[in-house]
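Reader: I would like a close look at a single part of this model, the sheet and what packs on it, with the cut-offs behind each term spelled out. Please add what can be said about enclosed space.

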Amino acid sequence: MADKSQIEWTDATWNPIRGCSRVSEGCRHCYAETVAQRFSGPGQPYEGLIAKGGQWNGEVVVVDHKLDEPCRWTRPRRIFVNSMSDLFHESVPFEVVAGIFGIMAAASWHTFQVLTKRPERAREFFEWMDNHHERRHFDTQRLNAQHPGCDWRPFFLADIASRILPNCGAGLRVELKGEWPLDNVWLGVSVEDQAAADARISHLLNTPAAVRFVSAEPLLGVVEMTQVSNTAALAEGQPWINALGGYAWDCTGPDYVDTCSIGSRLDWVIVGGESGKQARPMHPEWARKLRDQCAAGDVPFLFKQWGEWLPDNQNPSISGPSGDTQAIRVGKKAAGRLLDGKLHDEYPEVAHG
Ligand code: SF4
């Protein structure tokens, strides 16, 4: 547990799941994997989760004694869920995902930040829930009589949580609201380059969430948020999405005017360079482009860190959209978090409270 986090955009981390496997270039120097390697010996927390070569082996375990942690934290805080794993990893059963969402629904005084590289599975989870055979017990007159005007889903999720929690959640402080989507859960995708943006962002925009965000860290290339692939087929015949504007569009016409609203857009963008021993430098133009796109789209922007490298006149060179630049390794702390001399520390505006 980390009741206090060093991560700039959160207050605490909550890791009820351990274990993962790599999915894309952004995972190459996975921080969680490095930590897990160190503590994977017999009797240690990550035993059985790391392969011989030092990578995650794809096994995932639920950490029972961590499940109810947020319910025991009485002071409201922003909580990064599974900073050391991925809640939507294919080895996490949907019943477990539902239980974790149930805990988030019950601990409604907190704000939970769920970040994934598997948004297509997040979508599947919400579809699974809507088609669940038990939904009729919740989506009925009984619920309506007891909790008029409430959505059945938070009650369904809390019920599953009580089954997976030690002592069925007895003695926990519970403040369940009947709102959907849960107003205290933010859902985000990690995006390191355009390929990841194309594969992930439209799925996120097609999933119920009070706040949708992108964490572009480690940023490894140019990302054009106003033109990502419509992989989730949010609008028929429209191959592109402007994720900051909330519309799909077709670029075959002369003026790109063939747009249609998709009913959702990104509420927040975080940018950061890579840290750690083998960190790769971030070209300043990659960060600037995202900053400028967010400013034009009126989307809150948070520049988290440069990472280990700062742009400089020394080697190694990195290629960017407007030519090569140089970077020098100064360490994460010294590199800081100013972009062109300015602190960018914006957060989404939310009504939750
Ligand atoms: S998804 Fe996250 S935790 Fe899993 S391997 Fe990739 S970076 Fe590591």
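Author: Two strands are taken to pair if DSSP finds at least two bridges between them, and strands (E, at least two residues), like helices (H or I, at least four), are DSSP runs numbered from the N terminus. By that rule β7, residues 211–216, and β12, residues 268–272, pair in the parallel sense over four bridges, and V214 stands opposite V269 in β12. The model is a predicted one, in which local features need pLDDT of at least 70 and side-chain atom pairs count only at pLDDT 80 or more, while totals for chains, interfaces and linings use all residues. Residues are numbered from 1 along each chain as its sequence is written, and side-chain values use heavy atoms, with hydrogens and water left out.

The pair belongs to an open sheet of seven strands with parallel pairing, in the order β1-β4-β5-β6-β7-β12-β13. At its edges stand β1 (12–14) and β13 (301–305), and because each has a single partner strand, one side of each is left without a neighbour in the sheet. Neighbouring strands are turned by 25° against each other on average, direction ignored; axes here are lines fitted to C-alpha atoms, for helices over the stretch in contact, and angles run from 0 to 180 degrees between N-to-C directions.

Helix α3 (residues 94–106) lies across β1, β4 (78–81), β5 (111–116) and β6 (185–190), and runs at about 145° to β1. Helix α8 (residues 194–205) packs on the sheet and touches β6 and β7, its direction making about 165° with that of β6, where contact means heavy atoms within 4.5 Å.

As for enclosed space, a cavity is a set of points, on a 1 Å grid over the protein atoms alone, where a 1.4 Å probe fits but cannot get out, and lining residues have an atom within 4 Å of a point. Grid points are joined across faces, edges and corners, and a volume is the space filled by probe spheres set on the points. The structure holds two cavities of 30 Å³ or more, of which the largest has a volume of about 70 Å³. Its lining consists of F101, F126, W180, P181, L182, V185, L187, P208 and A209, and these divide into nine nonpolar, no polar and no charged residues. The second largest cavity, with a volume of about 50 Å³, is lined by A105, S108, K177, E179, L182, D183 and N184.

Definitions and conventions
On a 1 Å grid over the protein atoms alone, a cavity is a set of points where a 1.4 Å probe fits but cannot get out, and a pocket is an open set with protein on both sides within 12 Å along at least five of seven lines; lining residues have an atom within 4 Å of a point. Ala, Val, Leu, Ile, Met, Phe, Trp, Tyr, Cys and Pro count as nonpolar, Asp, Glu, Lys and Arg as charged, and the others, Gly among them, as polar.
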